[in-house]
Amino acid sequence: MEDDWLKFKKYPHIGRPLTKRKDSGWVKEYVTNPDKVSKHKFVTLLHRTLSQRKYRPVKNAPKNKSGKRQRTIGDKKQRHIYFSSHLDSIIYSYYSYLLTTAYEEYLKDKPYGSVAVAYRKIPIGNGKSGNKSNIEFAFEAFDFIEKNKDRKLSIIVADVTSFFDNLDHRLLHSQWKRVLGVNNMPADHYSVFKNLVAKRFVNENELFGRFKHKLMIERFKPHDTSQKVLKRKSVSKIYNMRHEKVVAFCTTDEFFEEAVDLIRLDKPFNPESREARGKGKLKGIPQGTPISATLANIYMLNFDERIHKAAIDPSKKAYYQRYSDDLIIICDRKDEGYFYDLIRDEIENQAKLDIQPKKTNIYHYDLNPDKEFKGGIIEDGVVNPNKQLEYLGFVYDGCKIRVKTAGFSKFYRTMKRSFKRGAHFAKKAHIPSDSLFETRLYKRFTHIGSRRKMKWFPDPGSPTGYSKSVQYDWGNFISYLNKANDIMNAINGDDTIKRQYRKIWSKFHEVKKQTYEEITNTA
């Protein structure tokens, strides 16, 4: 189990790719050697911007015939993701493993050890195998509400602004040492820390533009499908890289000889020099590296300790849980102001971060004269029952728990894009059929692919022609919905969540029919 961190990824980066078969031995020896890591020259990060356009109803939007509010295309939500080179990624993964082990050991006897739930392996327990997911964590919060329906409850759900981009380097350094139990950070750990906070990167599009005429691709040897070789190829569009099986933009030497001018970094690092130049404090770490999530939990140790201490106060009897940068506090109405001010002070003044005003919501729930547990979000001091409690992808209305409609919208958008992509390739001259490769689509977007099962691979030496593997099909979105339905059934008392996806099958075939018509009309 200690080698879970040794993972070989296949995304294109700077430098030749590593493989498990050829490189496991020397990579493991190198990465676990503190002297080598302390002197390691990290490769520049690869930066990619992910954009997602929101399509939601604005406040007081007119309703259509079915009673739903008309949706408006909003501003794009952008996420900046950074990919480390293959060897650097394994170094980060190993040090994430070391820090996670130290973090769990540190929390073992702490009363607040269970409040941070993201990026951790927390066993389900109660005789069940596996670890908890966001479904179980959301259930625990909703279950607390269910068991306290006799109280006038306030629920505060807050979201930290650009969490990874704003981590204070000095505080992160201090918490890192705290978890390791040392006064001075070891040289190898400091090497990892120093490279993270420097955040040197190159934009993916610019790197592609520089090397697109000689990208490194992987191909089988002529007349020998048991071995692969690296070749050079020109690729005109960046979105064709996956189809062409591009494994690297260039070698490390080529990058430093031909593209060092593409490196972006926020100099100077010295605080006094930055202040003299009118620059703000250097802060943040790259989101996307194998160690980023672990550092997020370590960074929030003080916050978790203080909020939990306030929540378990016998005079408060509140509930606190944090999932990365999302946190929820459930308390008595009379304590709402106290907890709201507390989390703002702890986030802004102690953790040196900001809370998103638009994503910090307060909800009120209590029993009405008819003994019905009702409520909603507070807007302008008034309860709006049209907006119910949202947490970790679920909506709770005081009675039932459902999956957010945004999750279904994303699923349907992905489905349509996959059909569109299938149609694109079906029209290509080199594709021998106008097929949409339906098996793959049924597996991704219908109940047919929702079962988690072991994969079997062709094996001429086996009597059946196939042999078991150690890999599994992990299911799809419907698998997630079925699991959520089973867990939330303890509160819902029925198949509320299953009923939410009853139209997926018909919508799938509707999109399939439209796509084939498009192929036929353009043939």
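**Note on the β11–β15 sheet and the enclosed cavities**

1. Arg322 stands opposite Leu327 in β12, and this pair is a convenient place to enter the structure, which is a predicted model. Strand β11 covers residues 319-323 and strand β12 covers residues 326-332; the two run antiparallel and are joined by five bridges. In the hairpin that they make, two residues lie between the strands, and Ser324 takes a positive phi near 60 degrees.

2. How far is strand β11 enclosed by the rest of the structure? With buried taken as under 20% relative accessible area, four of the five residues of β11 are buried, and the strand is therefore largely enclosed by the rest of the structure.

3. The hairpin belongs to an open sheet of six strands, whose order is β11-β12-β6-β13-β14-β15 and whose pairing is antiparallel. The edge strands are β11 and β15 (382-384), each of which pairs on one side only. On average, and with direction ignored, neighbouring strands of this sheet are turned by 25 degrees against each other.

4. At the β15 edge, strand β14 (residues 373-379) runs antiparallel to β15 and is joined to it by three bridges, with Glu379 standing opposite Val382 in β15. Helix α4 (residues 134-146) packs on the sheet, where it touches β6 (153-159), β11, β12 and β14, and the direction of α4 makes about 160 degrees with that of β11.

5. Turning to internal space, the count comes to three cavities of 30 Å³ or more. The largest cavity holds about 50 Å³ of space, and its lining consists of Leu171, Gln175, Tyr299, Asn302, Phe303, Arg306, Glu346, Gln350 and Ala351. By class, these residues divide into four nonpolar, three polar and two charged.

6. Which elements supply the lining of the largest cavity with at least two residues each? They are α5 (169-180), α11 (301-311) and α12 (336-350), and α11 gives the most, with three residues.

7. The second largest cavity contains about 40 Å³ of space and is lined by Thr100, Tyr103, Glu104, Tyr119, Arg120, Thr294 and Asn297. Two or more residues of this lining come from each of α3 (86-107) and α10 (292-299), and α3 gives the most, with three residues. The lining of the second largest cavity has two nonpolar, three polar and two charged residues.

Conventions
Residues are numbered from 1 along each chain as its sequence is written. This is a predicted model: local features need pLDDT of at least 70, side-chain atom pairs count only at pLDDT 80 or more; totals for chains, interfaces and linings use all residues. Side-chain values use heavy atoms; hydrogens and water are left out. Buried means under 20% relative accessible area, exposed over 50%, partly exposed in between (1.4 Å probe, protein chains only). Two strands pair if DSSP finds at least two bridges between them. Axes are lines fitted to C-alpha atoms, for helices over the stretch in contact, and angles run from 0 to 180 degrees between N-to-C directions. Contact means heavy atoms within 4.5 Å. On a 1 Å grid over the protein atoms alone, a cavity is a set of points where a 1.4 Å probe fits but cannot get out, and a pocket is an open set with protein on both sides within 12 Å along at least five of seven lines; lining residues have an atom within 4 Å of a point. Grid points are joined across faces, edges and corners, and a volume is the space filled by probe spheres set on the points. Ala, Val, Leu, Ile, Met, Phe, Trp, Tyr, Cys and Pro count as nonpolar, Asp, Glu, Lys and Arg as charged, and the others, Gly among them, as polar.
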